[in-house]
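Grab the viewer and work through these exercises one at a time. Each has a task, then a solution in steps.

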Amino acid sequence: VADRADIAIVGAGLIGCAIALELAERGRSVVVLERSVPGAEASTVAAGILAPQVEHPDDALLASLGEDSRELHAAWAERLRERVGIDVGFRRTGALVVGHSSGALDARAAHYEARGVAHEKLDGAEARTVEPAISPQVQTAISLPNEAQVEPPRLLRALSLACELAGVRFVRSVVRGVRAEAGRVTGLDLEDGPLAAAEVVVAAGSWTSLVPGAGAAGRGRDGTLREVRPVRGQLVHAEAHPRLVTRLIFGSGGYVVPRGDGRYVCGATTEEAGFEKEVTLGGIHQVLERALVVVPGLASAKLVGHAVSFRPGTPDGRPLVGRGALPGLWIASGHYRNGILLAPITAKLLGAAMAGEADDPRLEALSPRRFEALAEAT
Ligand SMILES: Cc1cc2nc3c(=O)[nH]c(=O)nc-3n(C[C@H](O)[C@H](O)[C@H](O)COP(=O)(O)OP(=O)(O)OC[C@H]3O[C@@H](n4cnc5c(N)ncnc54)[C@H](O)[C@@H]3O)c2cc1C
C-alpha cells in the first residue's frame, strides 16, 4: 500500500479519475483512495447526457463550462480509443426538447436567442418529421444539434485504465478524514493507518459531507464540508427494435436517451431520500410515465433493468471546485446532475489551479468556500 504521494484523491468516481489523469499527465505522483471500485456509485449509473444547453438555458456560467466540457469529451473519446482501445460511446446525436402546448418553450427559446445558442424552433408536425416516434400530442419543440452523449460505464473503464497507464495508483480503502498539522494538509487517515500527501483532493461525490476535515475547522461535524447532500435518481434501461428515436429527447420532466443500437435509458427521478439506495415502484412508475408521454412507442420496448444512485447536490446547484479551507486542500464535488458532462473541464481547471497557473475567472463562482462567506455575513 502506498504510504505517501504528492497528491491523494478521495473517491474514484468520474470526477476523481478525471483529475487523477490530468495530474498524472502533468507529472505528479497520484494515489486515488476508493472504498469500492472505480465508478462504483453515481458515475456508472448516470445516463451519460452531455447537454449543457438543455440543462442550463438560463445559467450562462454553467452553460459555458458545460459547452467547453462537452467539446473536451469529444477529444477524450479520441484519446481513450487510441490509448486503451475502448470506445466510450461519445456521439453527437443532438437533442430535442418537446412541449405539449404551443407556448411551452418560448421562454427557453428566448434564452437561446439572447445567448446565440445554435438551435431550431419547430412546431409539432416539424418535430415529428425529424423524430417520427414522438407523441402526436407534442405541439412545439426545440432542436439543439450540438448536444451529445457518452456511455458512463465504458468511460469509467477507459479512464481508470488510462490512469493506471499514466502511473496513477488506486488503493482500496475507506478514507476516515483529512489530516492537518500547523494549519496545512498533511495527508489522509485511512482505515488501516495514515497516508502522507502534500496535497489532498476530496472528490467523494454525495459522501463529501461525511469526510471529516474536508471543510473549515469548526463547521459541520469535525470540520466537514456540509453543503453537499445526496439527491436520489432512479432510471430504467429498455431495448426496442426497430429504432424509435435518434436524438436525446427531453419533455414532461423526463428524458429518453437512445444509444443507437436499440438500447434506451429513461430517466430520472429527483428525490430527497437521504442515502436510502432503493429502487421504488413509485420511482419507476414516474420514470416510465414521463417517457411514454413523450415516446409512446416505448410501451412495447423490453424492460432490461433499472438503476439508482445519488447526485451530489449543493445549495445553489453549482459544483464546488477549487481551494478548500486549508493550504493543500482542494475540493471537486457537488456536480449534481452534470458530473459526467463537467468532469473534463473540472479536471482541466483544477489541474491548472493546482499547478499555480492563473485561475480561469469562472472558478471563482465555484469556490467551495462561497457558503462560508455567506454564513459569516448573516
Ligand atoms: C440517475 C442519475 C442519472 C444521471 N445522469 C447524468 C447525465 O446524464 N449526465 C451527467 O452529466 N450527470 C448525470 N448524473 C450525475 C452524475 O452521475 C454525477 O454528478 C457524477 O457521477 C458525480 O461524480 P463523482 O465522481 O463526484 O461521484 P461518484 O461517482 O458518486 O463517486 C464518488 C466516489 O467516492 C467514493 N467515496 C466516497 N466516500 C469515500 C470515502 N470516505 N473513502 C473512500 N471512497 C469514498 C465512492 O465510493 C464513489 O466511488 C446522473 C446521476 C444520477 C443519480
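**Exercise 1: a helix pair**

Helix H1 (residues 14-25) packs against helix H7 (residues 152-165) at an angle of about 30 degrees, and their axes are 9 Å apart. Your task: work out which residues of H1 and H7 meet.

Before you start, some ground rules. This is a predicted model, in which local features need pLDDT of at least 70 and side-chain atom pairs count only at pLDDT 80 or more, while totals for chains, interfaces and linings use all residues. Residues are numbered from 1 along each chain as its sequence is written, and side-chain values use heavy atoms, with hydrogens and water left out.

*Solution.*
- Step 1, the elements: helices (H or I, at least four residues) and strands (E, at least two) are DSSP runs, numbered from the N terminus.
- Step 2, the geometry: axes are lines fitted to C-alpha atoms, for helices over the stretch in contact, and angles run from 0 to 180 degrees between N-to-C directions.
- Step 3, the residues: with contact meaning heavy atoms within 4.5 Å, Leu-14, Cys-17, Ala-18, Ala-20 and Leu-21 in H1 meet Leu-155, Leu-156, Leu-159, Ala-162 and Cys-163 in H7.
- Step 4, the classes: Ala, Val, Leu, Ile, Met, Phe, Trp, Tyr, Cys and Pro count as nonpolar, Asp, Glu, Lys and Arg as charged, and the others, Gly among them, as polar. By that scheme the contact of H1 with H7 has 10 nonpolar, no polar and no charged residues.

**Exercise 2: H7 again, with another partner**

At what angle do H4 and H7 pack, and how is their contact made up by class?

*Solution.*
- Step 1: the angle between H4 and H7 is about 65 degrees, and the axes lie 10 Å apart.
- Step 2: from H4 come His-73, Trp-76, Leu-80, Arg-83 and Val-84, and from H7 come Leu-155, Ala-158, Leu-159, Leu-161, Ala-162 and Leu-165.
- Step 3: sorting the residues of the contact of H4 with H7 gives nine nonpolar, one polar and one charged.

**Exercise 3: Arg-70 in H4**

Is Arg-70 buried or exposed, and which side chains does its own side chain meet in polar contacts?

*Solution.*
- Step 1: Arg-70 sits in helix H4.
- Step 2: Arg-70 is buried, because its relative accessibility is 3%; buried means under 20% relative accessible area, exposed over 50%, partly exposed in between (1.4 Å probe, protein chains only).
- Step 3: a polar contact is a pair of N or O atoms within 3.5 Å; within protein, one must be able to donate a hydrogen and the other to accept it, and residues adjacent in sequence count only if both atoms are side-chain atoms. Arg-70 makes one with the side chain of Glu-71 at 2.9 Å, and another with the side chain of Glu-147 at 2.5 Å.
- Step 4: not counting residues up to four places away in sequence, Arg-70 touches several others, among them Leu-50, Phe-90, Arg-92 and Leu-341.

**Exercise 4: Arg-91 in a loop**

Which backbone oxygen does the side chain of Arg-91 reach?

*Solution.*
- Step 1: look in the loop between helix H4 (60-84) and E4 for Arg-91.
- Step 2: Arg-91 is partly exposed, because its relative accessible area is 29%.
- Step 3: leaving aside neighbours within four places in sequence, Arg-91 is in contact with Ala-148, Gln-149, Pro-258, Arg-259 and Gly-260.
- Step 4: the backbone oxygen is that of Pro-258, at 2.9 Å.
- Step 5: Arg-91 and Gly-260 are 169 residues apart along the chain, yet their C-alpha atoms are separated by 9.2 Å.

**Exercise 5: the sheet**

In what order do the eight strands of the open sheet run, and which are its edge strands?

*Solution.*
- Step 1: two strands pair if DSSP finds at least two bridges between them.
- Step 2: the order is E5-E6-E4-E13-E14-E15-E12-E16, with mixed pairing.
- Step 3: strand E5 (120-123) and strand E16 (302-313) are the edges, each pairing on one side only.
- Step 4: E5 pairs with strand E6 (residues 140-144) in the antiparallel sense over four bridges, and Lys-121 has Ile-142 in E6 as its bridge partner.
- Step 5: helix H5 (residues 106-115) packs on the sheet, touching strand E4 (95-99), E5 and E6, and its direction makes about 30 degrees with that of E6.

**Exercise 6: backbone oddities**

Which peptide bond next to Pro-242 is cis?

*Solution.*
- Step 1: Pro-242 is in the loop between E12 and E13.
- Step 2: the cis bond joins His-241 and Pro-242, with omega about -5 degrees.
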